[in-house]
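Biologist: I am new to this structure and should be grateful for a close look at one part of it. Please take your time and connect what you describe.

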Amino acid sequence: MNSREKLLEKYSAKVYKNRKEHILQLDETDKVDTIAANTRAIPGVMTARGCCYAGCKGVVVGPLKDVCVITHGPIGCGFYSWGTRRNKAKPDENTEKNFIPYCFSTDMQESDIVFGGEKKLEKAIEEAVELFSPKCIMICSTCPIGLIGDDVQAVARRTEAKYGIPSIGYSCEGYKGVSQSGGHHIANNGLMRYVIGIGDKKPKTKFSVNVLGEYNIGGDGWEEERILKRCGIEVVNLFTGDASYEGLKSAHLAHLNLVMCHRSINYIAEMMKTKYGIDWLKVNFIGVGATCKTLREIAKYFNDPQLTARVEEVIKDELAVIQEDMAYYKKKLTGKTAGIFSGGSRSHHYQVLLEDLGVKTVIAGYEFAHRDDYEGRDIIPQIKEDADNKNIESIVVAKDEKHYHETYSPEEVAALKSGDCGIELDTYGGMIPEMDAGDVVVDDYNHFETDELIKSVKPDIFLSGIKDKYSIQKAGVASRQIHSYDYSGPYSGFRGAVNFGRDIAMAIYTNAWALVTPPWKHEPMLTGHLQEEK
């Protein structure tokens, strides 16, 4: 009996039927491994997913530093999405504002739920404008707002007319869709409708990029920007870590989009391709080999001999700096195994970095992925949309005749993608094709499955989120939080790989919980006795 079968046999018939297609153990046959994904989690099961609001506010629009992002809902929702992702930001040439340290919320109370909260929202916006003078107001609604019917779009329109500043309302109530993925989609739609394309600030160089799906956790985006600038590649925007409303307005003028987190922002990549002709390249700055590959693919896209030579110089220089440290951590970690559960493309990305350090990933999955994140974009036509996902609007964009700038013809794009040296242009191969026979893949994992997989597969370290970090540690397995890096980072690029190796080695070799035996393991916590009835 393999690990998948051992896991599933403990479920009731009803739960087994639901979960069996979400869990794979890869085999060595030529058959295509398919997985169920992006469907509603079982009520009552301790899923690690977040909600639609978390995807919209907590992931995509929350990191915008010059935007006053107001949570219209109870204070708990605002606090949940504030400060936990460690999106670093600092003022730049586009803006002197930085609202990342602040949590803006209407703090809805019981009386507001009964009588409506639009007036309270308008009062909150008035205070925000008076105190902070933001470049833009964004309103993110939570579950109660959708239930009582407050119209955040109407409030946004009134705000824009009253104060003369752009205002955008997002109906991203937590219950929409099946996970935070729905919120990503809603946020992408809003940015495309109201922000991207209205600016006119042209890039300074002929090699300019937007880095999409980079939220600057622990400074990841700054490290990527440092490397790209060394190569002579201009970063127009990070989407949306350390990004500004002012900067995003001119994103359509960049020459190429680089997609890091595929799931959270592939909608914008596709819409910008259709509307403005900008190609997108699936990249990965997590891992030494992956970073080298990404830089070379960017150089291949721009097809400039001087840029190509400069990229090789930078790679050689950066590798020389980290060579000794990476060799040390690889010696310490070779032969270890890992489990990874994250969102976006991160599980896929970190498998590559772990491999650089000699660590084999034996369990992997995503919290909120779609099938194409696992199997690649070629299977998108096979995906059937269910009722839950029809709650999320898919907007249609048309070619912008004024700003459309196609770098390559369809035939040239096909040539760039073809052959063994082809680049991942306008496509993504997914996670499963790069995994090995025997590896376990789980979609929408939960606490029970985490505990069972730790018992059967016995990874040396488990990389996931805050919801299960401490239960994993108490089971005696080293754990690092991959969503916000446990106050460490950056983990991207060359220097980030060393930081990651240090933290993984530290976690495995100072695993204090593995040395602790819980008292219930050797003595009962409760005692009792039987007594005859008289």
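In which sense do strand E6 and strand E8 pair, and over how many bridges?

Modeller: The model is a predicted one. Within it, strand E6, which covers residues 208-214, pairs with strand E8, residues 256-259, in the parallel sense, and four bridges join them. One of the residue pairs can be named: Asn210 has Asn257 in E8 as its bridge partner.

This pairing belongs to an open sheet of four strands, whose order is E7-E6-E8-E9 and whose pairing is parallel. The edges are taken by strand E7 (234-240) and strand E9 (280-282); each has a single partner strand, so one side of each is left without a neighbour in the sheet. From one strand to the next, the twist averages 25°.

Parallel pairing also occurs around strand E4. Strand E2 (residues 67-72) runs parallel to E4, and six bridges join the two; among the partners, Val67 is matched with Cys136 in E4. E4 also pairs with strand E5 (residues 167-170) in the parallel sense, over four bridges, and here Ile137 stands opposite Ser167 in E5.

The surroundings of E4 can be described further. In a regular strand, side chains alternate between the two faces of the sheet. In E4, Cys136, Met138 and Cys140 lie on one side and Ile137, Ile139 and Ser141 on the other, and all are buried, which leaves both faces covered. Six of the six residues of E4 (residues 136-141) are buried, so this strand is largely enclosed by the rest of the structure.

Helix packing completes the picture. Two packed helices are described by the angle between their axes and the distance between the axes. For helix H13 (residues 288-302) and helix H14 (residues 305-333), the axes come within 10 Å and cross at roughly 175°. H13 and H14 are therefore roughly antiparallel to each other. H13 contributes Val288, Cys292, Leu295, Arg296, Ala299 and Phe302 to the contact, while the residues from H14 include Leu307, Val311, Ile315 and Met326. By class, the residues of this contact between H13 and H14 are 11 nonpolar, one polar and two charged.

Helix H6 (residues 118-132) and helix H8 (residues 152-163) have axes that come within 11 Å and cross at roughly 35°, and the crossing of H6 past H8 is right-handed. Among the residues in contact are Leu121, Ile125 and Val129 of H6 and Val155, Arg158 and Tyr163 of H8. The contact of H6 with H8 comprises six nonpolar residues, one polar and five charged.

Terms used: Residues are numbered from 1 along each chain as its sequence is written. This is a predicted model: local features need pLDDT of at least 70, side-chain atom pairs count only at pLDDT 80 or more; totals for chains, interfaces and linings use all residues. Side-chain values use heavy atoms; hydrogens and water are left out. Two strands pair if DSSP finds at least two bridges between them. Axes are lines fitted to C-alpha atoms, for helices over the stretch in contact, and angles run from 0 to 180 degrees between N-to-C directions. A crossing is left-handed if the near helix is turned anticlockwise from the far one by less than a right angle, and right-handed if clockwise. Contact means heavy atoms within 4.5 Å. Ala, Val, Leu, Ile, Met, Phe, Trp, Tyr, Cys and Pro count as nonpolar, Asp, Glu, Lys and Arg as charged, and the others, Gly among them, as polar. Angles under 35 degrees count as roughly parallel, over 145 as roughly antiparallel, 65 to 115 as roughly perpendicular and the rest as oblique. Buried means under 20% relative accessible area, exposed over 50%, partly exposed in between (1.4 Å probe, protein chains only).
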